Amino acid sequence: MKQTVNLFRRRFFVQAGAGLLASAGLPGWVRAMEGMAGMPKMQPNKASSDFHPDVEIDLVCKPAAVQILPGQPTAVQQYFAQLRKGPANTLAVLPGSYLGPVMRFEKGQKIRINLHNQLDEPSITHWHGLHVPAKMDGHPLYAIDKGQTYVYEFEMLNRAGMNIYHPHPHDATASQVYHGLAGAMLVNDREERRLELPGGEYEVPIVIQDRQFDHNNQLVYAGHMRDRMLGFYGDRILVNGLPDFHLDLASRAYRFRVLNGSTARIYKLAWDDNSPITVIGTDGGLLEAPVHKPYVMLAPGERLDVWADFSGRKVGSQFVMRSRSFSGVLPGMAERMMTMGGRHAQGMHGMHGMALPVGGDFPILSIRVTRQGHDSPPLPNKLAVIDRYRLRDVANPDRPVPIAISERPMSMLLNGRPYAYNDVQPGERIPFNTVQLMEIFHAAGDGHGMSGMRGGMGGGMGMMMSMAHPIHLHGQSFQILSRTVGMNGNDHYASVREGFVDDGWKDTVLVMPGERIKIIKPFQDFKGLYMYHCHNLEHEDMGMMRDFSVE
Ligand code: C2O
Ligand code: CU
Ligand code: CU
């Protein structure tokens, strides 16, 4: 760990010296990493003899190579899974993909997963979206070394929905996810089954990621401080690990299970023929009723259940799902740099996002109707029952638990502090078995008034450190109570505002500059440490991550 710190520190000073970024003092993420020295070494959890699993899976993470682009295979890190016990449809490998197999569970199942780390670095796997005991949640505290095994045992308490499994070691989450370690996890239940939604070949996982390749087809990853500050942006879109993703479909309704598995990139998904996009579910499962949107925003860690209906479409017709243009998610100056491209930006050595600007308009995937579909199911007008929390259900109606985002050059913090183990503050202690009102906001108010970046990047143009952050909370899903925009309710905001689907269960919420978001979240069933962090994974690794202690 010390070595890594020194390496990063050296890089940081080299860049600062080059005038790319200049700031006094040590950045928060360096302090955050040094804080990890205090992380105790835990014994990896072992199988318990009184747990009788319905499903048992061996899950290995290790270096591998896959053919992504023509020519040389790409070195990746990859999950491989083997079913030891349970229904045959539990695991579905995505052909040709570095992504882990799609896991499918049923609510109520008892699940054991034996994680074997065969990477040359510590790792631990987190089940993003699942409500499991703290020890089964993949907290960085439990990271295991090469050759070790961590045994997870839990009951599936979640309702039907799409979740994610991905690594969560401190300071290496982004890099491990970027290099391939991620997978989709579907949960089914009775309420969902009654709806007879499209299944089998008519239910399609869509994992959207951006990557950058060098001339030898190898992945290029964040080498610059700026990539950590703004997030790393690739110049190629991959869906399910494949470039130029295309589907040949029947003229009928499909269920697209969409997941943003990018480390930083935010998408604004829309159909290219401008027909509305129909959403039937979000992070925590089905909505009460379908919603139709001109476009939907999808930030890293978020999921969407999309009803894609091609019934009545002619064989031969084509569709493209695009990411449409929007602005305001990056500090103004960086955004201009990223969209400008070409000459001006060349000085911004390594400004990778250029070929695919953040907030640009580009295709995600293409579809061709190649055959007649039969008995296309109708879109149900009622989907699921959601018990809505009200203010009277919360333990703290007048004192929301704050999640304050502070953005400064070189440090992205939550509640004023970078991640450190054993650093739970009074405001981060949550009484067990309560429902809490929480408020996520930018600590400096409306995203204005932060000091501009001095030195090379801002060039005196007063770069405001104000960004969008997808804030994720571990444990049970939450409901969004309100979203209010301050002074920044401007053109930028207008380019995204219709794209939020806030009426279902969520575990990750995109917080735009200037926004304040109130959520209601239960903390039931399990005590212990549950993280909250930015799901811009570069930010997370910079220290924009904290623990709640449920006690
Ligand atoms: Cu998807 Cu704590 O992460
Ligand atoms: Cu999570
Ligand atoms: Cu962030």
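Are His-469 and His-539 buried or exposed? Both residues are buried. They matter here as a way into the first copper site described below. 

This is a predicted model.

## Overall fold

The protein has 9 helices and 32 strands. It runs to 551 residues, and buried residues make up 62% of them. Contacts reach far along the chain. Among those between residues at least 6 apart in sequence, 81% join residues at least 24 apart. The exposed surface comes to about 20,600 Å². Carbon and sulfur atoms supply 51% of that area.

## Copper sites

Start with the copper ion that is ligand 3. Its protein donors are His-469 through ND1, Cys-534 through SG and His-539 through ND1. They lie 2.0 to 2.1 Å from the ion. In sequence, the donor residues follow the spacing H-x64-C-x4-H. His-469 sits in strand β26, residues 469-473, while His-539 sits in helix α9, residues 537-541, so the two histidines tie together parts that are 70 residues apart in sequence.

Now the copper ion that is ligand 2. Which protein residues are its donors? They are His-126 and His-472, each through NE2, lying 1.9 Å from the ion. His-126 belongs to strand β6, residues 125-128, and His-472 belongs to strand β26, so this pair ties together parts that are 346 residues apart in sequence. Both His-126 and His-472 are buried.

Strand β26 appears at both sites. It holds His-469, a donor to ligand 3. It also holds His-472, a donor to ligand 2.

## Cavities and a pocket

Rolling a probe the size of a water molecule over the atoms shows where empty space is left. In this structure, 7 cavities of 30 Å³ or more turn up. The largest cavity has a volume of about 80 Å³. Its lining consists of 14 residues. Nearest its centre lie Met-297, Glu-302, Phe-500, Val-501 and Lys-506. Three elements give two or more residues to this lining: β18 (296-298), β19 (303-309) and β29 (508-511).

The second largest pocket holds about 460 Å³ of space. It is lined by 26 residues. Closest to its centre are Leu-157, Asn-158, Arg-159, Ser-477 and Trp-505.

How do the linings divide by class? The cavity lining has 7 nonpolar, 2 polar and 5 charged residues. The pocket lining has 8 nonpolar, 11 polar and 7 charged residues.

## Four loop residues

The table lists four residues found in loops, with the relative accessible area of each.

| Residue | Loop between | Relative accessible area |
|---|---|---|
| Lys-46 | α2 (28-35) and β1 (55-66) | 58%, exposed |
| Asp-171 | β8 (161-167) and α3 (173-178) | 12%, buried |
| Asn-381 | β21 (362-372) and β22 (401-408) | 64%, exposed |
| Asn-433 | β24 (429-430) and β25 (434-442) | 46%, partly exposed |

Take Lys-46. It is 68 residues from Asn-114 in sequence, yet the two C-alpha atoms are 8.9 Å apart in space. Leaving aside residues up to four places away in sequence, Lys-46 touches Val-151 and Glu-153. Lys-46 counts as exposed because its relative accessible area of 58% is over the 50% cut-off.

Asn-381 also makes contact with distant sequence. Which residues does Asn-381 touch, not counting those up to four places away in sequence? They are Glu-288, Ala-289 and Pro-290. Ala-289 is 92 residues from Asn-381 in sequence, with 5.8 Å between their C-alpha atoms. Asn-381 is itself exposed, at 64% relative accessible area.

The other two table entries share a backbone feature. Most residues other than glycine have a negative phi. Asp-171 has a positive phi, near 70 degrees. Asn-433 is not a glycine either, and its phi is positive at about 60 degrees. Their burial can be read from the cut-offs. Asp-171 is buried because its relative accessibility of 12% falls under 20%. Asn-433, at 46%, is partly exposed.

Definitions and conventions: Residues numbered from 1 in each chain as written. Chains lettered and ligands numbered in written order. Predicted model: local features only at pLDDT ≥ 70, side-chain atom pairs only at ≥ 80, totals over all residues. Heavy atoms only, no water. Helix = DSSP H or I, 4+ residues; strand = E, 2+ residues; numbered from the N terminus. Buried < 20%, exposed > 50% of the residue type's maximum accessible area, 1.4 Å probe, protein only. Contact = heavy atoms within 4.5 Å. Areas by Shrake-Rupley, 256 points an atom, 1.4 Å probe, with all protein chains shown as cover. Donors = N, O, S within 2.8 Å, 3.2 Å for Na, K, Ca; no water. 1 Å grid on protein atoms, 1.4 Å probe; cavity = no way out; pocket = protein on both sides within 12 Å on 5 of 7 lines; lining within 4 Å. Points joined across faces, edges and corners; volume = space filled by probe spheres on them. Nonpolar A, V, L, I, M, F, W, Y, C, P; charged D, E, K, R; others polar.
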